[in-house]
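Trainee: Could we go through this structure together? I would like to understand the reasoning behind the labels.

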Amino acid sequence: MTTNAATGAVKRPEKSSSPWAIARRKFLKNKMAMISTVFLILVIILTLLAPFLAPYLSPIPDITKVNISKMSIAPNGDHLLGTDKSGRDVMTRLLYGGRISLLVGASATLIVVVLGTIVGSVAGFFGGAVDSLLMRFTDFVLNFPFLVFVIVLNTILFGIIDGLWVLILVIGLLSWGGVARIVRSKVLAEKENEYVLAAISIGTSPAKVIIKHLLPNVLSTIIVQSTLLFASLIVAETGLSYLGFGVPQETPSWGNMLAFANEPDVLQGKPWIWMPPALIITATILSINFIGEGLKDALNPKSQR
Amino acid sequence: MLKYTLRRVLGMIPMLILVSVVVFFLAKAMPGDSLSGEIDPNNTNPEYIAEMREKLGYNDPVYVQYYRWVTDFMQGDFGKSTRYKMPVADLIAEKLPNTIFLALTSLLITYVLAFAMGMYSGRKPYTVGDNLIAGFNYAGIAIPSFVAGVFAVYFFAFKLNWFPFAGSVDIEIDRGTLEYWMSRIHHVMLPAFVLGMFSTASYTQFLRNDLIENSRKDFVRTALAKGTPMGKIYNVHILRNSIIPLVTFLGFDIAALVGGAIITEKIFTYPGIGLLFLDSVNNRDYPTVMAITMMLSAMVLIGNLIADILYGIVDPRIRLG
């Protein structure tokens, strides 16, 4: 940009947009992706503001205290979405729960992306024995039935580490296989280019080649993958919490709130307790998926839109 | 082909051993005696525990214990459930038919629906019907199965009363009668549909795109030029090409059903392996938990193996790789 401005003083050359600028323009034009982005940002802001909003939303802003006198009240003026079986305001819990669900999703995604990128790029760059060893290991991790192992590991680790972080770690450690495979295949293709050979031949260290030369070219794939992962890891958290093996039950999360639907009388007769978390989970997942699809389209130089 | 299959089967064995080692160490890490279930968890007398540990060989070297566990496991001795005081193998044998019935029904529904909708969408792309199906597909792929399941119970079981909301069969009906099987099918329909929703949506989309792509190929033009009616071209020429990749998904389905069954059985309180697994974790019945963990891990491996072999059958190029 700065060099362009300097030469532009003499004679402005035909300025072609950078790939990121093209991607940004394509993404901004994608209606579904933009609506989804706005929705997601709104959800994030509302959940972050939960402690400030809570006193205005309901007369009982406490989200953990049981109120026997206010059990299972249907939505009304005081409680916009009613109260749950323990007399806690559903709207307030929904905001606090969003913090946990999004936090778990985001942290686990971070672990998965970092691990997957390291394993994938090292395997792809070095090739040979390193590659086959790492990929065997990746196959091995991918071959575990995810749900079963998360539940078993959670049972073992529970009480040793704080419950929330057990969940994040376990989900993260079991899910990086897919990313590693994709990054590896991209690095394999990318390292055939001459600039990589040039970098190696002037004695650049492998770490520097990977970080400075290879990863920037794989970045678009990683971004798309991490968006889609974010959605599926939120599903993992909510699903596990729904089963009772996720976030500790006293902590509100969307999955824990939906777990009330396990009781037939709540499911049948008190939809205001379980429907809000069910709907917000669906809407969040859908919007993240739309954003992911939008990014995929925008970052793909071949797509015309 | 035989050589390829053998190579794949042999390649699975180290994986199976590794998985069994992991399961073994997880079982050792679990509190109590989760390998055999012979030690009574309610008896906390240290002398009794020490004596039992010695008797069961828990003071032997780890590899001896592992070897003993694996050989027992292969012979069908999965230890004893601490909760039901019966062999885990019998417990699993009791619940397994329900899960298999659920999985098979789900596969049947998935393939029939995906086939019908995919064929329609592929033959009439960009019409109203195709767009409706595409909408269903998007929902099926994006909505988490447990959310869909909860809504399905609420609307179809409670509001519309079309399906029962729990169990696998009416208790009053005698076993083996026609009515009994009708009741089982009635109970399994809704969970099977929810369990197969994700696959249904992705297969439909796959078949649609494949049909559209194939319909632009040269052999279609040739057939048309020779005067073959379009319907026959679709049913005979194009479908044969498009259906092959679909068959290979079967192996992945087996792996996906393993995880899916746990959640689905929980939502619909359907008494199968998944529900047994969850109940066992909640009741600290660790021998049962570890036996099911090992069994499901093996199923995932076998599913992936089947997928690999089917790929080899369909695409000869893979066999050489």
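Trainee: How do the residues of the lining of the second largest pocket divide into nonpolar, polar and charged?

Mentor: Bear in mind that this is a predicted model. The lining of that pocket has 12 nonpolar, five polar and four charged residues. Asp, Glu, Lys and Arg count as charged, and four residues of the lining fall in that class.

Trainee: What makes this a pocket, and what is its volume?

Mentor: A pocket is an open set of grid points, whereas in a cavity the probe fits but cannot get out. The second largest pocket has a volume of about 580 Å³. Of its 21 lining residues, those closest to the centre are A:N217, A:S220, A:L299, A:N300 and A:P301.

Trainee: Which helices supply at least two residues of that lining?

Mentor: In chain A they are α2 (19–29), α9 (177–190), α11 (206–243) and α14 (271–299). The most comes from α11(A), with eight residues.

Trainee: How many helices and strands does chain A have?

Mentor: Chain A has 14 helices and zero strands. A strand needs a DSSP run of E of at least two residues, so the pattern along chain A is written with α alone: α-α-α-α-α-α-α-α-α-α-α-α-α-α.

Trainee: What share of chain A is buried, and what does "buried" require?

Mentor: A residue is called buried at under 20% relative accessible area. In chain A, 51% of the 305 residues are buried. The accessible surface of chain A is about 14900 Å², and carbon and sulfur atoms hold 67% of that.

Trainee: Which residues of chain B lose the most area to chain A?

Mentor: Let us begin with the contact itself, which takes 40 residues from chain B and 38 residues from chain A. In chain B, the residues losing the most are B:Y138, B:F146 and B:Y154, together 17% of what that side buries. The area buried between the two chains is about 3400 Å², and carbon and sulfur atoms give 84% of it.

Trainee: What makes the largest cavity count among those of 30 Å³ or more?

Mentor: About 50 Å³ of space lies in the largest cavity, and the count at 30 Å³ or more comes to three cavities. Among the residues that line the largest cavity are B:F163, B:H186, B:H187 and B:Y270.

Trainee: Why is B:G167 in that lining called polar?

Mentor: Gly is placed in the polar class, so B:G167, a residue of the lining, counts as polar. By class, the lining of the largest cavity has eight nonpolar, three polar and no charged residues.

Key: Residues numbered from 1 in each chain as written. Chains lettered and ligands numbered in written order. Predicted model: local features only at pLDDT ≥ 70, side-chain atom pairs only at ≥ 80, totals over all residues. Heavy atoms only, no water. Helix = DSSP H or I, 4+ residues; strand = E, 2+ residues; numbered from the N terminus. Buried < 20%, exposed > 50% of the residue type's maximum accessible area, 1.4 Å probe, protein only. Areas by Shrake-Rupley, 256 points an atom, 1.4 Å probe, with all protein chains shown as cover. 1 Å grid on protein atoms, 1.4 Å probe; cavity = no way out; pocket = protein on both sides within 12 Å on 5 of 7 lines; lining within 4 Å. Points joined across faces, edges and corners; volume = space filled by probe spheres on them. Contact = heavy atoms within 4.5 Å. Buried area = accessible area lost by both parts, 1.4 Å probe.
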